[in-house]
Amino acid sequence: MIIRFKRLPNNPDLPLPSRATPGAAGYDVASADPHFVLMPGQRWLVRTGIAMELPDDVECQVRPRSGLALRHGITLPNTPATIDPDYRGELKVILWNAGTEPVPIPRGMRIAQLVFARFLALEIQETDALESTGRGEGGFGSTGA
């Protein structure tokens, strides 16, 4: 399966998303914005300078990078974000500094990871009754600790 990426004018030079190791599920994506500092509590919409073409049954999930989260408190407030297969605009990532210190974000810094997943487009149907199960309506801890 192939995911096609298009470089946009603000990214003539940064690497396309790639896996850090052969066993990695996520493809690292970099900031195409000029250097900025993300202050504690601040959110910033970061441009990547790429657009993509996904197969019809594939979504792209945008997830935080664990090292940035651990060391600096940098995460994504809408994780995982979903990029739909019919979207053709620039991939942008919302970064949030949940830490206590300002964090410099230089151009080219790996800011997030992309995970691709197939999905089903199911038919939605209204009903007056649902089949019963042993669990029933139990939720939020109803199956144990």
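This report looks at an annotated binding site in a predicted model and at the nonpolar core that one of its residues belongs to.

## The annotated site

The unreviewed UniProt entry carries a "binding site" annotation, and it takes in R65, S66, G67, N78, T82, I83 and D84. These residues are spread over 20 residues of sequence, and they're scattered in space too, with C-alpha atoms up to 26.4 Å apart.

## T82 and I83, side by side in strand 7

Let's zoom in on two of those positions. T82 sits in strand 7, which runs over residues 81-83, and I83 is in strand 7 as well.

Buried or partly exposed: how does T82 count? T82 has 43% relative accessibility, so it counts as partly exposed. I83 comes in at 12%, which is why it counts as buried.

Now for their partners, setting aside residues up to four places away in sequence. T82 touches E59 and C60, and its side chain makes a polar contact with the E59 side chain at 3.2 Å. I83 also has E59 and C60 on its contact list, along with M52, L54, V62 and L91.

## Into the core

The largest nonpolar core has 24 residues, and I83 is among those with the most contacts inside it, together with V62, L91, V93, L95, I105 and I111. Strands 3, 4, 5, 7, 8, 9 and 10 each supply at least two residues of this core. In soluble globular proteins, nonpolar side chains tend to be buried together.

V93 is another residue worth clicking on: leaving out neighbours up to four places away in sequence, V93 touches W44, L45, V46, T48, V62, L76, I111 and A112.

Note on methods. Residues numbered from 1 in each chain as written. Predicted model: local features only at pLDDT ≥ 70, side-chain atom pairs only at ≥ 80, totals over all residues. Heavy atoms only, no water. UniProt positions renumbered as here; feature names shortened; annotations may be inferred. Helix = DSSP H or I, 4+ residues; strand = E, 2+ residues; numbered from the N terminus. Buried < 20%, exposed > 50% of the residue type's maximum accessible area, 1.4 Å probe, protein only. Contact = heavy atoms within 4.5 Å. Polar contact = N/O pair within 3.5 Å; in protein donor to acceptor, adjacent residues only side chain to side chain. Core = buried A, V, L, I, M, F, W, Y, C linked by side-chain atoms within 4.5 Å.
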